[in-house]
Protein chains: 2
Amino acid sequence: MNSLHLELIEEEIKTFTNDLPQSPAHLYDPIRYTMNIGGKRMRPVLVLSGASLFSDDIQAALPAAVGIELFHNFTLLHDDIMDMAPLRRGQPTVYKKWNPNIAILSGDAMFAESLRLMAKSPHNALPRILESFTKAALEVCEGQQMDMDFEQQACVTIPEYIRMIELKTAVLLAASLEIGAYCGGAYSTDAHKLYEFGRNIGIAFQLQDDILDVYGDPEKFGKQVGGDIVSNKKTYLLISALQQADGYLKEELLNWMQAGADQAVDKVSGVKEVYNRLHIREQAEAEMKKYYDVAMQSLLSVGADEKKLAGIRAFADALMVREQ
Amino acid sequence: MNSLHLELIEEEIKTFTNDLPQSPAHLYDPIRYTMNIGGKRMRPVLVLSGASLFSDDIQAALPAAVGIELFHNFTLLHDDIMDMAPLRRGQPTVYKKWNPNIAILSGDAMFAESLRLMAKSPHNALPRILESFTKAALEVCEGQQMDMDFEQQACVTIPEYIRMIELKTAVLLAASLEIGAYCGGAYSTDAHKLYEFGRNIGIAFQLQDDILDVYGDPEKFGKQVGGDIVSNKKTYLLISALQQADGYLKEELLNWMQAGADQAVDKVSGVKEVYNRLHIREQAEAEMKKYYDVAMQSLLSVGADEKKLAGIRAFADALMVREQ
């Protein structure tokens, strides 16, 4: 993780939000609000990391970096309406603070702004950058739709689940690296290897999130432990447990899934007990490790300076153990 | 109006919808549905018209043409949620036929698809095309926000209203011509003159719509005459009347604006009577003519074949008198 990169990104985001028009306030205030709430800025950091592998001119990748962050925040804005989420990063979501119509429209404007920034990338790389960006943008929509469909679906398989998190989360991390690489002048083969690294590490991140929800340290995790269990969210852990449990354990699991909000604490320990009996954590960690290893193989095959590649690896490793 | 252009566009739209993935069905079915409902395809026709002024290779502009139509339909999808409109082109709107979440997300995917098509434009013109597209996309959002703000606002001025219709409607028509011109290899000066033609003719179109709502032939207009009056929509006519009426007429107008849905027929004739007394129709027609004339001046200054320019003029003229 390069702190200079993060500084550049925050600076560029500040310039961007300062330069936004004042009016119509209901269109632009939510964008300023969303972009200034903060966040890890993981995607723009990946854009700059991708670029720095192939060029010392990081500036050329800055618009795309902020563009990707804007796009990501646009998807959160719309997801929060669909999921009726009242809070994001500890602050009221846009649709709660203003209203759903304002959240829809300012989200649309963020998408348009993200494209405007993306188009400021080096012109010779623009066709490939746009291809990568639009492919990821469509896939993120597909992933969100699958996620919503899963809520209504009685049975979700592990391959379906992996595909959903790949689309909803991993491809944008992958595209961030790939777009950064193109901004830095990379060949397609190297950019694609970086993409594969990002795609696989992204799936590993999401599996880690599923594990941390149940087994994370509440102090470090930052979210309520067991939130996925309370809401019956079809995570890797729950899907695996539903597939593998039978007899008494299956009955136990299904009973806990019926439990109301007043039984939340007991429900979390009850479901966790089922997971433990089935060794679900170990299976999830093995799956996560599988994607992590493939990611690292892809990374090492990229034709770039080894020290710089090690930097990206260290960034990924720091994120992989971040809150355990 | 070139019927060959329209055929090419319909063919390309058919190919596009056929090539869309089947799954997730809730994401892609609404896109197929929306694009196959029809419509005048005015924006893609303008893209091809713009291109044909500068090049015989219309094919190069086809992806951008369909991209603009997709973008336009995406804005309608989201507008219909915000306006709670049950019908569009006589068919149930996406948020009614499916639900608001599906309309939000499939709209987002349409925006991404529109960009994917736009990026297939000739690479040397891509930076200018994207600049034009993203500027228009942002302005359309601004226009929609202004339109929503006006509903809550006690007083709207004529310049504010003109600015709103410019942003919400005219700039995308203008950008369609400009993007088409760039696809055809036009210089910026000519593309910009075409943009100015589109912007001014677009404002004239919208003023005509306001007039037709009250004075149009119900047979030809295709919409319920007086719909704007019934809903107290702040059109050019109502804003002008509110500004100019005083004494008894003002009282009369304000009273009619309080009338309920059960008095719709009387309300339409009552408000129309006020308009007639104030000669609002003549004023609106004079304003429309002003923008029309500026549009034609811009068109004639474009450095392109006169016969082809006459074709664009004929297309605009046909639209200007289409339902009177």
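A:Ile37 counts as partly exposed because 16 other C-beta atoms lie within 10 Å of its own; by this scale 20 or more such atoms make a residue buried, 12 or fewer make a residue exposed, and partly exposed is in between, with C-beta atoms placed from the backbone. The structure is a predicted model, in which local features need pLDDT of at least 70 and side-chain atom pairs count only at pLDDT 80 or more, while totals for chains, interfaces and linings use all residues. Residues are numbered from 1 along each chain as its sequence is written, and chains are lettered from A and ligands numbered from 1 in the order in which they are written.

Let us stay with A:Ile37 for a moment. This residue sits in the loop between helix 2 and helix 3 (42-52) of chain A, where helices (H or I, at least four residues) and strands (E, at least two) are DSSP runs, numbered from the N terminus. Setting aside neighbours within four places in sequence, A:Ile37 is in contact with A:Arg89 and A:Gln91; a contact here means C-beta atoms, placed from the backbone, within 7 Å. A:Tyr161 is 124 residues from A:Ile37 in sequence and 30 Å away in space, C-alpha to C-alpha.

Other loops of chain A have their own backbone features. A:Pro24, in the loop between helix 1 (3-19) and helix 2, follows A:Ser23 through a cis peptide bond with omega near 0°. In chain B, a cis peptide bond joins B:Ser23 and B:Pro24, with omega about 0°. A:Asn232 has a positive phi near 55° although it is not glycine, and is found in the loop between helix 11 (227-230) and helix 12 (236-244) of chain A. A:His279 also has a positive phi, near 55°, and lies in the loop between helix 14 (264-278) and helix 15 (280-300) of chain A.

Now to helix packing. Helix 4 (residues 62-83) and helix 8 (residues 158-183) of chain A pack at about 160° with axes 10 Å apart; the axes are lines fitted to C-alpha atoms over the stretch in contact, and angles run from 0 to 180 degrees between N-to-C directions. The two helices are therefore roughly antiparallel, on a scale where angles under 35 degrees are roughly parallel, over 145 roughly antiparallel, 65 to 115 roughly perpendicular and the rest oblique. A:Ala64, A:Ile68 and A:His72 of helix 4 meet A:Leu172, A:Ser176, A:Ile179 and A:Cys183 of helix 8. These contact residues divide into five nonpolar, two polar and no charged; Ala, Val, Leu, Ile, Met, Phe, Trp, Tyr, Cys and Pro count as nonpolar, Asp, Glu, Lys and Arg as charged, and the others, Gly among them, as polar.

Chain B offers another pair: helix 12 (residues 236-244) and helix 14 (residues 264-278) pack at about 65°, with axes 10 Å apart. These helices are therefore roughly perpendicular to each other.

How many residues does each chain bring to the contact between chain A and chain B? The contact takes 32 residues from chain A and 32 residues from chain B. On the side of chain A, helix 7 gives the most, with 14 residues, and the whole side divides into 19 nonpolar, seven polar and six charged residues. Chain A can be laid on chain B with an RMSD of 0.0 Å by a turn of 180° and a shift of 0.0 Å along the axis, superposed by least squares on C-alpha atoms of residues with pLDDT of at least 70 in both. The copies are thus related as by a two-fold rotation axis.

Conventions
Contact = placed C-beta atoms within 7 Å.
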